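Visitor: Could you walk me through this structure and tell me how each term is earned?
Guide: Gladly, let us look together.

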2 protein chains.
Amino acid sequence: MIGKSVLTRHQELVYRHLTGSEKALSAYDLLDALRGEGLRAPVQVYRALGKLIDHGLIHRIESLNAFVACTHEGHQGAAGFAICDACGEVEEFPLPDHLAPIDHWAAGRAFRVEHTTVELRGRCQTCR
Amino acid sequence: MIGKSVLTRHQELVYRHLTGSEKALSAYDLLDALRGEGLRAPVQVYRALGKLIDHGLIHRIESLNAFVACTHEGHQGAAGFAICDACGEVEEFPLPDHLAPIDHWAAGRAFRVEHTTVELRGRCQTCR
DNA sequence: CGATGCATGTTATACCATTACGAACCCGAG
DNA sequence: CTCGGGTTCGTAATGGTATAACATGCATCG
């Protein structure tokens, strides 16, 4: 059994729209943008987003309740995000390089980490 | 002019309720719990939560859309959270010890960090 | 007193996310 | 071929999170 490699129509539409945006987009942003392409209800967007997250093609930004395309197609492991509060740009960076101290803390507490969220809010180079 | 040091009635109610909970509580959890004390509308809870966050007495957990009392009253700087998906317990830990690598990344990008969110989801020692 | 500032109260609305249910479709087993 | 199972799709309804807008009460300060 091969894992599903192609995207459905809705997934493709949502993914393409996210890859074309520097900013994180909410599910309802995506819905509004894609109504002309046949998406009509929030649940359709959330279903596509869920699958794309499962495939590792996009990430959810918890502090914005919004979504961005993954920009590290090759990498394994978790990602962190730097979010500019002025222009909205989101930049992804790989976490494994940075996580060792936190992993160590968790190991000391016998806490088994399943998912790590790291989000930096502030000003990007051009907006500071 | 002395900075306001005492809490208003609503702020006190919300803060006390949070300090009595191991888990993060949503604004609506708090509203339901405090209706008997005179809180009637979401906006009243959100106002109290906002002030408590300003005062550094509580933290928002982005990945839960919920709130916890700060358990490091003395410390300065940012906090991270380990959240057990089984029992809901939230444990706070001080971040400054762990952030150096990420700060270094941000400095290299000329990104000025104003707030850092670190949330670990997983299983705590007793639930794993 | 009058002005200011802050906390409050109330209503309404906007925004985010999921549940439930049924129809359509693809594809492999019998 | 036809029957199932699994996945996608469509639609409606609902539940959960957060803020806007506006009016009122009350303390303080000049």
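Guide: A polar contact is a pair of N or O atoms within 3.5 Å; within protein, one must be able to donate a hydrogen and the other to accept it, and residues adjacent in sequence count only if both atoms are side-chain atoms. This is a predicted model, where local features need pLDDT of at least 70 and side-chain atom pairs count only at pLDDT 80 or more, while totals for chains, interfaces and linings use all residues. Residues are numbered from 1 along each chain as its sequence is written, chains are lettered from A and ligands numbered from 1 in the order in which they are written, and side-chain values use heavy atoms, with hydrogens and water left out.

Visitor: What makes B:His10 a polar contact of DNA strand C?
Guide: An N or O atom in the B:His10 side chain is 2.6 Å from a phosphate oxygen of the strand. The limit is 3.5 Å, so this pair qualifies.

Visitor: Which side chains have a polar atom by a base nitrogen of DNA strand C?
Guide: A:Tyr28 has one at 2.8 Å from a base nitrogen, and B:Arg47 has one at 2.6 Å. The elements giving two or more residues to the surface near DNA strand C are α3 (42–54) of chain A, with α1 (9–19) and α3 (42–54) of chain B. Helices here are DSSP runs (H or I, at least four residues), strands likewise (E, at least two), numbered from the N terminus. α3(B) gives the largest share, 4 residues.

Visitor: Why are residues called near DNA strand C?
Guide: Because one of their heavy atoms lies within 4 Å of it. There are 16 residues around the strand, and among those that come nearest are A:Arg60 and B:Gln44. Of the strand's atoms within 4 Å of the protein, 50% belong to sugar or phosphate and the rest to bases.

Visitor: How do you know that chain A has domains?
Guide: The bounds come from an automatic or database domain assignment, which gives domain 1 (9–69) and domain 2 (79–122). Their centres, taken over C-alpha atoms, are 22 Å apart.

Visitor: What makes these two domains of chain A count as being in contact?
Guide: Contact means heavy atoms within 4.5 Å, and 11 residues of domain 1 meet 11 residues of domain 2 in this way. There are 6 residue pairs in polar contact between them, both residues at pLDDT 80 or more. On the side of domain 1 that touches domain 2, β1 (58–61) and β2 (66–69) of chain A each give two or more residues, with the largest share, 3 residues, coming from β1(A).
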